[in-house]
Each structure stands twice: as structure tokens, then as C-alpha cells.
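Please open the model in your viewer and keep the sequence panel beside it. The stops below can be selected one after another.

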Amino acid sequence: MNKLLTLSFALALAAPVAALAQGSPQGLTQAQFDQLDTDKDGKISEAEYRRFMEGAFDKLDTDRNGTLNSAEAGTVLTSEQFTVVDRDRNGQLNRQEFLDQVMSDFHRQDQNQDGHLQP
Ligand SMILES: [Ca+2]
Ligand SMILES: [Ca+2]
Ligand SMILES: [Ca+2]
């Protein structure tokens, strides 16, 4: 049911919209891939992905209260997506809700289940 969310966080956060328009078939440009692949082994591991997303959460949480409201998340999520991620329906995304979603995106993208995303 969360199809819409696949890598949308990464894409929206890693690059300006203009760059997205000319993305690779999978949607990630080489530059975006490199940004996530911090140890430069040509693959994005679960740990690399999580670290990136934790940083992304902090970047989005502009008032530093530890949760994202719809305005803070609005740059990367539609209101429909926000509702999906906000599992306890309290109108805020906490770190756990955010990471649960992005890591399930990761596992869905990892089609051969080896714990890594390849370009
Ligand atoms: Ca890597
Ligand atoms: Ca906040
Ligand atoms: Ca919530």
C-alpha cells in the first residue's frame, strides 16, 4: 500500500527538483547514489541508508522538537503520504515512524534481499 513512497524521501532530499527530472531509470542519479554510498563500495547498505535518513529527519525537523509536522514534512511528502507514515494518527511523524517507513522502502527496493541496493 505504500508504493508511492519508494525512495521519495531520498530523492526529494538528495537533489533539487530540477535534477530529478533527468534521473536514471531507477530515479536515482549517480550523484545521489554516491551521496548515499558513503563507503564507496558501489552499493547502498542498510546502515548507509539509515544514517542518511536519520540526517534527513534532522534536516526536516526545522523547529528541533523531535517530530515532523505536516508543514515540515511537506517538502518531501504529500498529505496522503504523510497520513500513511503517521501510523498513530497524531498528526506528527516521530523518528520511529519515519525510519520504519524509509526502511520498509529500502527492503522493497532490495529485490534480491541481500541487504544492499545496487545502482
Ligand atoms: Ca556502500
Ligand atoms: Ca518539528
Ligand atoms: Ca505519529
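Begin by selecting R89, which lies in the loop between α6 (79-85) and β3 (93-94) of what is, throughout this tour, a predicted model. Its backbone deserves a look, since phi of R89 is near 55°, a positive value in a residue other than glycine. Most residues other than glycine have a negative phi. Is R89 buried or exposed? Because a residue counts as exposed when 12 or fewer other C-beta atoms lie within 10 Å of its own, R89, with 7 such neighbours inside 10 Å, is exposed.

Next, select R64, which you will find in the loop between α4 (46-60) and β2 (67-68). R64, although not a glycine, also has a positive phi, of about 55°, and with 6 other C-beta atoms within 10 Å this residue is exposed.

From that loop, step back to α4 and add helix α7 (residues 95-109) to the selection: the two helices pack at an angle of about 140°, with their axes 10 Å apart, and α4 passes α7 in a right-handed crossing. Which residues of α4 and α7 meet? On the α4 side, show E46, Y49, R50, M53 and F57, and on the α7 side show R95, F98, L99, V102, M103 and F106. Taken together, the residues of this contact between α4 and α7 divide into eight nonpolar, no polar and three charged.

Now colour the chain by pLDDT, for which the average is 81, with 76% of the residues scoring at least 70. Among the elements of the chain, β2 has the highest mean pLDDT, at 97, and helix α2 (residues 17-20) has the lowest, at 37. Select residues 14-25 as well, where pLDDT stays under 50 and for which the model has 10 contacts beyond four places in sequence. Where pLDDT is low, the predicted coordinates should not be read in detail.

Finally, clear the selection and look at the whole chain, whose secondary structure comes to seven helices and four strands, following the pattern α-α-α-β-α-β-α-α-β-α-β when read along the sequence. Of the 119 residues in the chain, buried residues make up 21%. If you display the contacts with a separation of 6 or more, 50% of them are accounted for by residues 24 or more positions apart.

Conventions:
Residues are numbered from 1 along each chain as its sequence is written. Chains are lettered from A and ligands numbered from 1 in the order in which they are written. This is a predicted model: local features need pLDDT of at least 70, side-chain atom pairs count only at pLDDT 80 or more; totals for chains, interfaces and linings use all residues. A residue is buried if 20 or more other C-beta atoms lie within 10 Å of its own, exposed if 12 or fewer, and partly exposed in between; C-beta atoms are placed from the backbone. Two residues are in contact if their C-beta atoms, placed from the backbone, lie within 7 Å. pLDDT is the predictor's confidence in each residue, from 0 to 100. Axes are lines fitted to C-alpha atoms, for helices over the stretch in contact, and angles run from 0 to 180 degrees between N-to-C directions. A crossing is left-handed if the near helix is turned anticlockwise from the far one by less than a right angle, and right-handed if clockwise. Ala, Val, Leu, Ile, Met, Phe, Trp, Tyr, Cys and Pro count as nonpolar, Asp, Glu, Lys and Arg as charged, and the others, Gly among them, as polar.
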